[in-house]
Amino acid sequence: RTVYLNGEYLPETEAKVSIFDRAFLMADGVYEVVSVLGGKLLDFDGHLVRLKRSLDALAMQNPLSDADYLEAHRALVEKNAITDGLIYLQVSRGNPGDRDFAFPSDDTQPTVVMFTQSKPGLADSPAAKAGIRVISVPDQRWHRRDIKTVQLLYPSLAKMEAKKAGVDDAWLVEEGKVTEGTSNNAYIIKGGKIITRELSHDILHGITRAAVLRFAREAQMAVEERSFTIEEAQGADEAFVTSASAFVTPVIEIDGKAIGTGKPGALALRLREIYLEESLKNAR
Ligand code: PLP
């Protein structure tokens with residue numbers, strides 16, 4: 001693979017970052033994941049807006065212009081001949097040359113990394129057709145989940161819990177209510193109404209979430225932004241998750257209980273179609 005590191009395109013084996021990099025020592029970095037379908041970038045502008053929001057929230061410099069980010073994404077798609085896949089982008093507070101809790105001085109350059117992951121047929125994944133099964137686990141993450149930091153140890157542990165339980169993913173629960181999935185936003189549908197947790201510091205403000213809710217409202221579907229319990233989700237007609245890499249993916253089982261018919265729900269599948277169709281229209 002050809003990857004991007006601080007303005008250079010390099011073979012992945014030659015892209016090296018310091019052991020003092022703040023992302024390595026302190027998880028002091030933020031990231032974005034953009035999907036590529038047919039060589040085009042989905043929801044690119046939304047991901048860039050959130051990147052800048054994450055950087056601002058952590059008082060981190062933004063090292064590149066919007067045009068630079070776009071150019072680098074397109075260059076990586078081309079250099080790696082990506083048709084379908086993902087682009088990972090990370091900006092860290094850089095390398096202060098030593099370990100210290102206090103932020104380094106402003107002349108420390110952020111470290112910018114981008115790389116591709118080729119995923120042929122990303123939009124026709126088996127998970128979308130079969131639906132996924134989830135378990136619930138306590139949400140033990142920090143309390144600024146709206147900032148997309150590289151601090152992913154707890155979601156990683158939760159994912160391993162799910163694997164150990166023989167299912168696909170975990171839904172995180174705090175004070176009795178679902179916050180979100182390990183790497184996606186969580187929804188239920190009851191009586192035709194789409195229910196998903198309202199935006200706050202408790203969840204990541206999903207770019208796919210924003211698009212899906214907009215398309216749902218445009219299609220005259222009812223949307224309610226509020227939290228829900230696992231019990232309510234188990235009694236729902238349908239459930240699904242959204243993320244840049246999963247688009248809209250039906251959830252068919254929660255903690256061993258089948259949702260609705262136990263098959264991917266019709267509305268969730270319809271939302272997936274609408275999302276793919278509409279976001280491809282504006283893909284870059
Ligand atoms: N919630 C969490 C915790 C995530 O990690 C992600 C994506 O990585 C999402 C939600 C979905 O966000 P997006 O739709 O912007 O990919």
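This text leads through the two domains of a predicted model and then turns to one helix, α2.

The protein chain is divided into domain 1, covering residues 2–119, and domain 2, covering residues 126–281. Between the C-alpha centres of domain 1 and domain 2 there is a distance of 26 Å. The contact between them draws on 21 residues from domain 1 and 14 residues from domain 2.

Which elements build the side of domain 1 that touches domain 2? At least two residues each are supplied by β3, α2 and β5. The largest share comes from β3, with 8 residues. In character, the residues on this side of domain 1 comprise 11 nonpolar, 6 polar and 4 charged.

Helix α2, one of the elements just named, may now be considered by itself. Helix α2 runs over residues 44–57 and has 14 residues. From its first C-alpha to its last, α2 reaches 20 Å, which is close to the 20 Å expected at 1.5 Å a residue. After α2 comes Ala-59, whose phi is positive, near 50°.

Which residues of α2 are buried? They are Phe-44, Gly-46, His-47, Leu-48, Arg-50, Leu-51, Ser-54 and Leu-55. A general rule helps in reading such a list: an α-helix has 3.6 residues a turn, so residues three or four places apart point the same way.

What do the buried residues of α2 pack against? Their partners include the strands β3 (29–37), β4 (40–41) and β5 (85–92), together with the helices α3 (66–79) and α6 (207–218). Of these partners, β3 and β5 also supply residues to the side of domain 1 that touches domain 2.

Definitions and conventions
Residues numbered from 1 in each chain as written. Predicted model: local features only at pLDDT ≥ 70, side-chain atom pairs only at ≥ 80, totals over all residues. Helix = DSSP H or I, 4+ residues; strand = E, 2+ residues; numbered from the N terminus. Expected span 1.5 Å × (residues − 1). Buried ≥ 20, exposed ≤ 12 C-beta atoms within 10 Å, placed from the backbone. Contact = placed C-beta atoms within 7 Å. Domains from an automatic or database assignment. Nonpolar A, V, L, I, M, F, W, Y, C, P; charged D, E, K, R; others polar.
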